[in-house]
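Good morning, and thank you for making time for this item. I shall ask you to look at the sequence and the structure together while I speak.

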Amino acid sequence: MWAFAVAQVLLTLPTSFAQLGYGSGVAFQVFYGIVGCWACYMISWLYMEYRIRKEREGHNFKNHIIQWFEVLDGLLGSRWKWVGLTFNCTYCLFGAVIQLIACASNTFLINDHINKREWTYIFGAVSMLTIFIPSFKNYRIWSFFGLIMITYTAWYMTIASIIYGQTSGVTHNGPVSRVLYFTGATNILYTFGSHAVTVEIMHAMYKPSKFKYVFLLATLYVFTLTIPSAVAVYWAFGDTLLTHANALSLLPRSAARDVAVVLMLIHQFITVGFAVTPLYIMWEKMLGVHRSSRAWVVRALCRAPVMVPIWFFAIAFPFFGPINSMVGALLVTFTVYIIPCVAHMAFYRSAASRQSSVEKPPRFLPSWTAVYGGNIVLCVWILVVGLGFGGWASVTNFIKQIETFGIFAECYQCPVKSVHSVANVSYHT
């Protein structure tokens, strides 16, 4: 999961530090890492409640992949199902869009003879191959390789920034405005809000009840990648990052940098499939072929239309970086944080539900009152800071990208010399 979350956000976090400053950058990473673990805990708690109840009723999930909207439907009813389904589908769709944009952005660093929009055409077509990957069980080995890829890239960014040193005249003025401050904070919120596919990943595990511990350890490991790399790159390049959302574009080209770019490209292509797989499964269920005995190739072909809107949005809004913050503010806030916490409180509101719960409050919050208190505080914070201030800042910044570069931009944030059909390209973000 964390390989999916950090795949391309790793490259935009230095820009978040330029928007926030050192102190706020580190503080928001730690804070949202903790908040993300808590929200994931709520999701895993409800998943285990749903699965154990269904298994006691005689249901067999051997040929059926449980999804978040089914958990909400089974525990709280159809209204919750449709709310969860709407937000989850939209988030997964734009999660795949972001990864597709990242593929084009990184490939351009190696080969700028083709502009980013054309690279998006190519990767959108190649991404159609993901329709043939059945489920998350088939991503296990790739998740392991993905971890190696992001580890190499993060430490390359850290070490290279230190070796090359600070650029001439570097400045560190962040935060420079409220819009950029909350845009940066929301990008970090997005970084630690990868739980749109939590249920599908838990279902692919041999021991899904252990997922919450795995997620916590993974978060601690991610801190060792994201904080040093973001601090080092910001130290080296400072406010220049405000106009370069992809941190790798600032590091001098070398064999080591090209390896990092290629590894991230492979990883981001894999995470396109990782993000779109829940949509494939939902689409199969809508068409009634998910548990069908038909040939697998028939089910795969039924998935093909799902990639079309993803391809379209990636071409229309290629704003590497700003789109992360907007998705974080408008979708991650509800999908990952608010809905799971409110659903947990709604389901366990009765004494009978709390008494029969498959899981009890954790040792560090040994009462149901404390658990409810944690959920309420989290929801209020996310509503006010994440959705409120973050939504305002991210949408404002996103609109500015449209005004500056236009929809269907040929080459977002490319050097002027690399753009042949556009005479004047602004770097401003």
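Let me begin with one ring, that of Phe313, which is partly exposed, its relative accessible area being 24%. I should say at once that this is a predicted model.

How are the rings of Phe313 and Phe317 arranged? Their centres lie 6.5 Å apart and their planes make an angle of 20°, so this pair is stacked. Both residues belong to one aromatic cluster, which also includes Phe94, Phe312, Phe319, Phe398, Phe405, Phe408 and Tyr412.

In total, the structure holds 29 aromatic pairs. I would single out Phe31 and Trp381, whose ring centres are 5.0 Å apart with the planes at 65°, so that this pair is edge-to-face. Phe31 sits in helix α3, residues 22-56, while Trp381 sits in helix α16, residues 368-405; the pair therefore ties together parts that are 350 residues apart in sequence. As to accessibility, Phe31 counts as partly exposed at 33%, and Trp381 counts as partly exposed at 33%.

I turn now to the cysteines. How many disulfides does the structure hold? There is one. It is formed by Cys411 and Cys414, with 2.0 Å between their sulfur atoms. The torsion about that S-S bond is about -70°, so the disulfide of Cys411 and Cys414 is left-handed. Both of these cysteines, Cys411 and Cys414, are buried.

Why does Cys37 not form a bond with Cys40? The sulfur of Cys40 is the closest cysteine sulfur to that of Cys37, but the separation is 7.1 Å, too far for a bond. The cut-off for a disulfide is 2.5 Å between the sulfur atoms. Cys37 has 16% relative accessibility and therefore counts as buried. A similar question arises for Cys341: its closest cysteine sulfur is in Cys379, at 4.8 Å, which is again too far for a bond. Cys341 counts as buried, with a relative accessibility of 0%.

A polar residue also deserves a moment. Thr183 lies in helix α8, residues 178-191. Is Thr183 buried or exposed? With 2% relative accessibility, Thr183 counts as buried. Which residues are in contact with Thr183, once its neighbours within four places in sequence are left aside? They are Gln19, Ser325, Ala393, Ser394 and Asn397.

Finally, the chain as a whole. Its secondary structure comes to 16 helices and zero strands. The radius of gyration is 21 Å, close to the 22 Å that the globule rule gives for 429 residues, so the chain is as compact as a globular protein of that length. Along the principal axes, the C-alpha trace spans about 65 × 50 × 35 Å.

Of the 429 residues in the chain, 58% are buried. The accessible surface comes to about 17200 Å², and carbon and sulfur atoms account for 67% of that area. As for contacts between residues at least 6 apart in sequence, 84% join residues at least 24 apart. The edge-to-face pair of Phe31 and Trp381, described earlier, links parts 350 residues apart in sequence.

That concludes my presentation, and I am glad to take comments.

How values were computed: Residues are numbered from 1 along each chain as its sequence is written. This is a predicted model: local features need pLDDT of at least 70, side-chain atom pairs count only at pLDDT 80 or more; totals for chains, interfaces and linings use all residues. Side-chain values use heavy atoms; hydrogens and water are left out. Buried means under 20% relative accessible area, exposed over 50%, partly exposed in between (1.4 Å probe, protein chains only). Rings of Phe, Tyr and Trp (its six-membered ring) pair if their centres lie within 6.5 Å; planes under 30 degrees apart count as stacked, over 60 as edge-to-face and the rest as tilted. Helices (H or I, at least four residues) and strands (E, at least two) are DSSP runs, numbered from the N terminus. The radius of gyration is taken over C-alpha atoms; the globule rule is 2.2 Å times the number of residues to the power 0.38. Contact means heavy atoms within 4.5 Å. Accessible areas come from the Shrake-Rupley method with a 1.4 Å probe; for residues, only the protein chains shown count as cover.
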